[in-house]
Amino acid sequence: DTEGLLRIKEENQKHYRRAQRHQEKKEKIQRHNRKLGDLVEKKTYDLKTQYEHLANLRRSHILELTSIIFPIEEVKTSMRDPADVSSESDNAMTSSTVSKLAEARRTTYLSGRWVCDDHNGDTSISITGPWIILPNNGDYSAYYSWVEEKKTTQGPDMEHNNPAHTISAALCYATQLVNTLSLILDVNLPKKLCNRQHFAFCVFLCVWCFNSEFCGENLSRHRFTRAVKKLNANILHLCFSQHVNLDLLHPLHTLRNLMYLVSPDTENLGR
């Protein structure tokens, strides 16, 4: 028994010494982990700082781009509310009739269905200048109506103020801007729009157009609508990537969504 007790004591001492070595190794690993944790925290802070710096650079480039080359502004129209005009001409008009006229003013027949648009008739959105505008409600039917009329009318188009020219130019510039923004923000667009260069005549201006979808040829209604849907999808994708307030967006408001995206009030622009 005494010999067995001595053997057990020796084994216990060996285990104790081994436990001390393990404890030292454990403390060494803990110190190493703390150093790594401090290093990772510092690297994370540096990365966050670099991201913020990059976001500020992107933001400044975008604001410079949209203030000098592609300014987007809201253009007020001089149209008066028909409800107000009618009420002035007929003092006996009931309030229900006035409200119905106001509601009719905010309703647009678009692509075979009635849509509600609070901005209808009040404003348009311009890009690169006040003469190149798009209807705020997304109704671009003037373009394919003009194309259909061109098919039946022979001879050159002498109507320089044709809204189809304005719509074509505005959509072309919008596509150019969206493609440039995707490069600056490093965001891949979900829809691909052709980006070939060619010469086009848009609203008295000879400009280099980078989008054959809108400026290269007269598009049919189907092709035109398809191209506009692609452009709207790309704009919404960029808005989502920059955390634009969803309450401000509308799937048909091409330039208005773009205006909200590049607005200086967009806090996350450049992220």
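In the predicted model, helix H7 (221–241) comprises 21 residues and extends 30 Å from its first C-alpha to its last, close to the 30 Å expected at 1.5 Å a residue. Its buried positions are Phe224, Ala227, Val228, Lys230, Leu231, Asn232, Asn234, Ile235, Leu236, Leu238, Cys239 and Ser241. In general, an α-helix has 3.6 residues a turn, so residues three or four places apart point the same way. Cysteine 239 has a relative accessible area of 0% and is therefore buried, given that the limit for burial is under 20%. Just after H7, histidine 243 adopts a positive phi of about 60 degrees.

Helix H5 (163–185) contains 23 residues, and its end-to-end C-alpha distance of 32 Å is close to the 33 Å expected at 1.5 Å a residue. This helix is mostly covered, with 19 of its 23 residues buried. Cysteine 172 is likewise buried, at a relative accessible area of 0%. No disulfide is present in the structure; the count is zero. Aspartate 186 directly follows H5 and has a positive phi of about 60 degrees, a positive value in a residue other than glycine. Most residues other than glycine have a negative phi. Aspartate 186 is located in the loop between H5 and strand S6 (198–202). The relative accessibility of aspartate 186 is 62%, and this residue therefore counts as exposed, the threshold being over 50%.

Both helices contribute to the largest nonpolar core, as set out next. This core has 44 residues, of which Ile127, Tyr143, Leu171, Leu181, Phe224 and Leu258 touch the most other members. At least two core residues are supplied by each of helix H1 (2–68), strand S4 (123–127), helix H4 (141–152), H5, H7 and helix H8 (254–261). H5 provides the largest share, with 11 residues. In soluble globular proteins, nonpolar side chains tend to be buried together. Apart from neighbours within four places in sequence, isoleucine 127 contacts Phe70, Pro71, Ile72, Ile132, Ala170, Tyr173, Ala174, Leu177 and Leu255.

Strand S4 also belongs to an open sheet of three strands, arranged in the order S1-S4-S5 with antiparallel pairing. Strand S1 (72–76) and strand S5 (133–135) occupy the edges; each has a single partner strand, so one side of each lacks a neighbour in the sheet. On average, neighbouring strands of this sheet are turned by 35 degrees against each other, direction ignored. Strands of a sheet pair through backbone hydrogen bonds, either parallel or antiparallel. Five bridges connect S1 and S4 in the antiparallel sense. Within this pairing, lysine 76 has threonine 123 of S4 as its bridge partner, while valine 75 is matched with serine 124 of S4. On the other pairing, S4 and S5 run antiparallel and are joined by three bridges, and serine 126 stands opposite isoleucine 133 in S5.

Five of the five residues of S4 are buried, so this strand is largely enclosed by the rest of the structure. The covering extends to both faces of S4: Thr123, Ile125 and Ile127 are buried on one side, and Ser124 and Ser126 are buried on the other. S4 and S5 form a hairpin with five residues between the strands. Threonine 128 lies in this loop between S4 and S5. Its phi is near 65 degrees, a positive value in a residue other than glycine.

Beyond the sheet, asparagine 136 is found in the loop between S5 and H4. With 3% relative accessibility, asparagine 136 counts as buried. Although asparagine 136 and arginine 256 are 120 residues apart along the chain, their C-alpha atoms are separated by 7.1 Å.

Considered as a whole, the chain has eight helices and seven strands. Of its 271 residues, 36% are buried. Among contacts between residues at least 6 apart in sequence, 62% join residues at least 24 apart.

Conventions: Residues are numbered from 1 along each chain as its sequence is written. This is a predicted model: local features need pLDDT of at least 70, side-chain atom pairs count only at pLDDT 80 or more; totals for chains, interfaces and linings use all residues. Side-chain values use heavy atoms; hydrogens and water are left out. A nonpolar core is a set of buried Ala, Val, Leu, Ile, Met, Phe, Trp, Tyr and Cys residues joined through side-chain atoms within 4.5 Å. Buried means under 20% relative accessible area, exposed over 50%, partly exposed in between (1.4 Å probe, protein chains only). Helices (H or I, at least four residues) and strands (E, at least two) are DSSP runs, numbered from the N terminus. Contact means heavy atoms within 4.5 Å. Two strands pair if DSSP finds at least two bridges between them. Axes are lines fitted to C-alpha atoms, for helices over the stretch in contact, and angles run from 0 to 180 degrees between N-to-C directions. A disulfide is a pair of cysteine sulfur atoms within 2.5 Å. The expected span of a helix is 1.5 Å times one less than its number of residues.
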